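Colleague: I've got a protein on my screen and a pile of terms I only half follow. Can we go through them together, term by term?

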Amino acid sequence: MIGKICGTGAYVPAHVVDNHDLSRIVDTNDTWIRERTGVARRHIIENDTTVSMAVKAARQAIEQSGISPEEIDLILVSTISSEVILPCTACEVQKELGAVNATGFDLNAACTGFVFAYNTAQAYLTAGMYHTALIIGAESLSNLINWKDRSTCILFGDGAGAAVLRAEEGAVYPAVTHSDGLKGAALTCMSRHRQGRNEEGEDMESYMQMDGQSVFKFAVKKVPEVIEELLEKAGIGIEEIDYFILHQANRRIVEAVAKRLKADIEKFPMNLEEYGNTSSASIPILLDEMNREGRLKKGQKLIISGFGAGLSWGASLLEW
Ligand code: UT7
């Protein structure tokens with residue numbers, strides 16, 4: 001058995017903050033942000049929450065897959081930015097959807113989260129434990145950003161993406177995942193109840209803190225490596241892959257990965273210009289865009305690959 005994606009969905013808030021808007025808040029400019037990151041705009045929540053965005057993306061995916069909410073056995077939400085700790089986002093989504101037969105839980109693997117959620121769902125489906133899974137990446141990163149810190153506030157955006165997977169006969173496709181907690185300090189965010197001062201009297205604010213250059217170097221080294229590891233495990237050549245759907249963190253990271261793999265950049269779709277880095281939502285939002293544009297054809301081979309806090313990184317092969 002294998003889980004096949006039979007529906008996708010995405011939602012981003014209507015409110016747009018462009019680079020010029022940010023240049024009025026911090027010392028930055030449109031040229032710098034575009035050249036260093038490729039980001040031009042990001043969509044930021046006003047009235048939405050992580051749950052409401054997850055539900056809107058999920059409804060689209062359910063509608064496209066032609067299933068009823070009652071058929072969903074498993075709901076996995078990948079998020080680092082839920083407004084509430086309890087109950088988990090997945091149970092809130094379950095309630096809103098009326099997915100009364102589903103078991104739901106959240107998963108935190110930051111920007112690798114959607115890949116890990118996909119693999120977790122596959123493990124359940126291939127084991128025969130569940131038949132239909134709804135996986136979601138949903139993030140309200142604007143709540144975790146220090147809007148006075150130009151090194152992070154320019155990068156991130158809010159949004160959600162979802163996919164419905166159904167078990168069907170077929171061979172399992174491989175995945176490769178890694179974590180390295182020793183390098184976790186490169187990208188951190190304290191929870192609200194740790195807010196305050198540390199023993200040295202320094203502010204420990206509950207905002208994202210990032211050593212941008214370290215994360216950049218980590219990504220351009222580890223993402224090509226994990227993709228090569230995956231291709232070797234699958235026993236297929238890189239030329240057989242139709243699209244590499246990478247976490248949308250920075251255009252230069254995507255370009256560097258394509259270059260290191262000696263693969264055609266046309267096979268690396270990007271939408272980060274419009275949405276910025278939406279962490280675990282970036283891969284499913286891109287997947288849904290491509291799906292709705294009719295760019296994904298039955299039988300095509302795709303690799304989804306994420307990387308980020310943890311540190312964590314991974315790649316999965318799937319056939320459309
Ligand atoms: O989702 C996964 C998590 N995150 C990532 O993948 C992020 C990975 N890292 C990156 O994307 C990049 O490192 C950044 C976009 C964050 C930064 O780009 P960079 O090319 O590594 O810039 P830098 O940190 O080396 O800074 C270069 C210069 C510095 O000035 P000096 O020291 O050369 O005078 C910075 O102070 O650019 C300055 N700078 C800015 N200037 C204008 C930093 N941020 C800005 C800014 N606007 N927003």
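Modeller: Let's start with a sorting rule: Ala, Val, Leu, Ile, Met, Phe, Trp, Tyr, Cys and Pro count as nonpolar, Asp, Glu, Lys and Arg as charged, and the others, Gly among them, as polar. With that rule, the shell around the ligand splits into 11 nonpolar, 7 polar and 4 charged residues. Keep in mind that this is a predicted model.

Colleague: What makes a residue part of the shell around the ligand?

Modeller: One of its heavy atoms has to lie within 4 Å of the ligand. There are 22 such residues, and the closest are T28, R36, Q213, N250 and N277.

Colleague: How do you know that R36 makes a polar contact with the ligand?

Modeller: Check the distance. The cut-off for a pair of N or O atoms is 3.5 Å, and a polar side-chain atom of R36 sits 2.7 Å from a ligand oxygen, so the pair passes. The side chain of H247 has an N or O atom 2.8 Å from an oxygen of the ligand. For W32 the value is 3.4 Å, again from a polar side-chain atom to a ligand oxygen, and that is still within 3.5 Å.

Colleague: How much of the ligand does the protein bury?

Modeller: On its own the ligand exposes 950 Å², and the protein buries 73% of that. The elements that each give two or more residues to the shell are α2 (30-37), α7 (212-234) and α8 (251-261). The biggest giver is α7, with 4 residues.

Colleague: Next, S280. Why does S280 count as buried or exposed?

Modeller: Buried means under 20% relative accessible area. S280 is at 1%, so S280 counts as buried. S280 belongs to the loop between α9 (272-275) and α10 (282-292). The side chains of S280 and E139 are joined by a polar contact of 2.6 Å. Setting aside neighbours within four places in sequence, the residues touching S280 include S78, F114 and E139.

Colleague: And M53, why is that one called buried?

Modeller: It's the same test: the limit is 20%, and M53 has 0% relative accessibility, so M53 is buried. You'll find M53 in helix α3, residues 50-65. Beyond neighbours within four places in sequence, its contacts include Y11, I45, E139 and D158. The C-alpha atoms of M53 and V93 are 9.6 Å apart, though 40 residues separate the two along the chain.

Colleague: What makes α10 mostly covered?

Modeller: Of its 11 residues, 9 are buried, meaning under 20% relative accessible area. Among them are I283, L286, L287 and M290. After α10 comes G294, with a positive phi near 75°.

Colleague: Now the whole protein. Why do you call it as compact as a globular protein of that length?

Modeller: The protein has 10 helices and 15 strands. Its radius of gyration is 19 Å, and the globule rule gives 20 Å for 320 residues; the two are close, so the protein is as compact as a globular protein of that length. Along the principal axes, its C-alpha atoms fill a box of roughly 55 × 45 × 40 Å.

Colleague: How many of the residues in the protein count as buried?

Modeller: Of the 320 residues, 55% do. As for the outside, the protein exposes about 13,900 Å², with carbon and sulfur atoms supplying 48% of that.

Conventions
Residues are numbered from 1 along each chain as its sequence is written. This is a predicted model: local features need pLDDT of at least 70, side-chain atom pairs count only at pLDDT 80 or more; totals for chains, interfaces and linings use all residues. Side-chain values use heavy atoms; hydrogens and water are left out. A polar contact is a pair of N or O atoms within 3.5 Å; within protein, one must be able to donate a hydrogen and the other to accept it, and residues adjacent in sequence count only if both atoms are side-chain atoms. Accessible areas come from the Shrake-Rupley method with a 1.4 Å probe; for residues, only the protein chains shown count as cover. Buried means under 20% relative accessible area, exposed over 50%, partly exposed in between (1.4 Å probe, protein chains only). Contact means heavy atoms within 4.5 Å. The radius of gyration is taken over C-alpha atoms; the globule rule is 2.2 Å times the number of residues to the power 0.38.
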